[in-house]
Amino acid sequence: MTVIILHAQATGFGRGEFASAGTATLGRIVAGQSPIRPTNFSGGTIDQKGSSNVTRKLFTTAALGLAGALIATQVHAESANSSEEIALLKQQLKLLEQKLDNLQKQTAANTAATAKAKVEAKAEARAEAKAEARVAVANANAAIPVKGPVAPPSGVVVTMPNNRPTICTADEQNCVAITGRIHFDGGGYDYHPNTPATVPQRLDDGTNLRRARIGITGKFLSDWNFGLIYDFGGTSDGFGGTAAAGATPVGFLPGGAVSGVENAYLSYTGFKPFGGKMAIEGGIMDLPITIDEAMSSNDIPFMERSSANVIAVNMAAGDFRSTFGTRWYTDSFWIGAYVTGPTTGAIHSASSISPNGMTEQLGAAARAAGQLISGKDYSLHLGGNAQWLLRTPHNLVTGAQTLTFSDRPELRIDPTTLISTGAIANVSGAQIYSVEAAGTYGPLFAQGEYYWYNVDRGAATGLPPIGAPSLKFQGGYAEIAYALTGENRAYNPATAAYGGIKPAHPFSVSGGGWGAWEIAGRVSQINLNDQLGTATGIAGGRQTVYTAALNWYINGNVRFMFDYLHGEVSRQASPVSVANVGSKFDAFAMRTQVAW
């Protein structure tokens, strides 16, 4: 039997030569035996398991085919075409190697895909098991009875109008909302007393948490409205407590500090006579008497209202005021009248002697106002106000009946007052009348008021001065504001006053908005001098303040305010002394405001 010898050397590969039977060389091929052994990519022989069985069978078949081809080649080795046949054989061998490589790659890919599918199947099975367990627990919990009825989730609607958390029933007949505001001020004074006799001799720089209010507002059955708001602010103002322990003043009232309740009221709005809306209300309220007071402190262009306005509303209106009354209004007209009492925290103990017991005051306030002209970009508002002090607080220990008009210099960083009438004696009553005007023209806003103050001194207390004539004071302000970014102030018919600026493009680093910018200016004057040169006169002083403001409205909830004030106070030592105890000041202050 003759065999073909294949040499492994590169130089002899493909060359055939004959040898006698039984000759053994490297690469010998005999019938039924192949020297070619298939290997995997890691260098080891493929085992007999799994998909490798298919590969081994293919390798065996290929080896037998190769052996047959070589034996057939032996028969023709002596022919002249033996070289061409060997070349053809080499080509076939190369194609076979490529097919084997592709087969090994496909086998590895199939193995990896099978393993991944198994992992995904296990994960899916675990997830389904967990979901079924949760459903089982929920069903078990649902089967447990609960105490009392449970309202369905669809019966409650939670909204955030202007970022104010509000909860309402689905029919919006009942609502409750959380409201609050923070006004934090900081600033300083350049204060110059005219003489060493001037009081005070200095004003302190610093900060003041002007307002820090939190509370709730809402309605029941659509027509019953309520509010409960507490003010924690006034860190530099302090409380007015003057109680004593053992006849020594220590600055507190029996039972605790003065109340900070700013609103605690109930209002009914079910009546709608004459095509308008009507509110009957009472409790502790912020009365919308005078347009400056009717505008929210969140919306006024300046950090403080004018002294003329503050002195006026402090008599029988303003906020923290106990009251009962009604108001009626349409889109263009407003009228209201209220009976008023003291502010929250006022002393009302008839038997107290430290501090002295006081009867509560009784007053009244009324206002009529409306928009005479109203267009898309313009409006004109006019109105009038009146307040009456019907019963003056009566000191039950000394018998005195007094009234005081005073205010700080239109800034609350230092709570010291620069103008004051002092305690006016024998006050039997007082009246304050005022007129108001306001308007808008696009982003331009203007407002002004003028006040007349009358004090009657006819109380029969037996204390001097007896038979003194009535007193008359006056004051007012005018202000103008302009929104540099084009926004305007909307009119609020419920209070007959203008609202604040709402930025068209709230400040946003990513969005590119810069909020709204506003500049404003105001001049105000109050004259608390009357009957100078007489022993019964009052030398409260005359104050004039010029204010310039820059306001940056970040968005509908945040505002930064910058105010510069220049003030002059002309005052003499007493009604019969012309000694100068006036002063001048410049002040700069900033407010950070957050409201919702």
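How many aromatic pairs does the structure hold? I looked that up first and got 15 aromatic pairs. For the record, rings of Phe, Tyr and Trp (its six-membered ring) pair if their centres lie within 6.5 Å, with planes under 30 degrees apart called stacked, over 60 edge-to-face and the rest tilted.

Before going on, a note to self: this is a predicted model, where local features need pLDDT of at least 70 and side-chain atom pairs count only at pLDDT 80 or more, while totals for chains, interfaces and linings use all residues. Residues are numbered from 1 along each chain as its sequence is written, and side-chain values use heavy atoms, with hydrogens and water left out.

I picked F220 and F226, which are stacked, at 4.9 Å centre to centre and 20° between the planes. Then I checked burial (buried is under 20% relative accessible area, exposed over 50%, partly exposed in between, with a 1.4 Å probe and protein chains only). F226 is buried at 14%, whereas F220 is partly exposed at 48%.

Next I tried Y450 and W452, an edge-to-face pair with 5.2 Å between centres and 65° between planes. Y450 comes out partly exposed at 31%, and W452 is partly exposed at 37%.

I also found one aromatic cluster, made of F507, W514, W517, W552 and F560.

Last, I looked for charges over rings (NZ of Lys or CZ of Arg within 6 Å of the ring centre and within 35 degrees of the ring normal). R367 has its charged end over the ring of W334, 5.3 Å from the centre. R522 does this with F302, at 4.5 Å from the ring centre.
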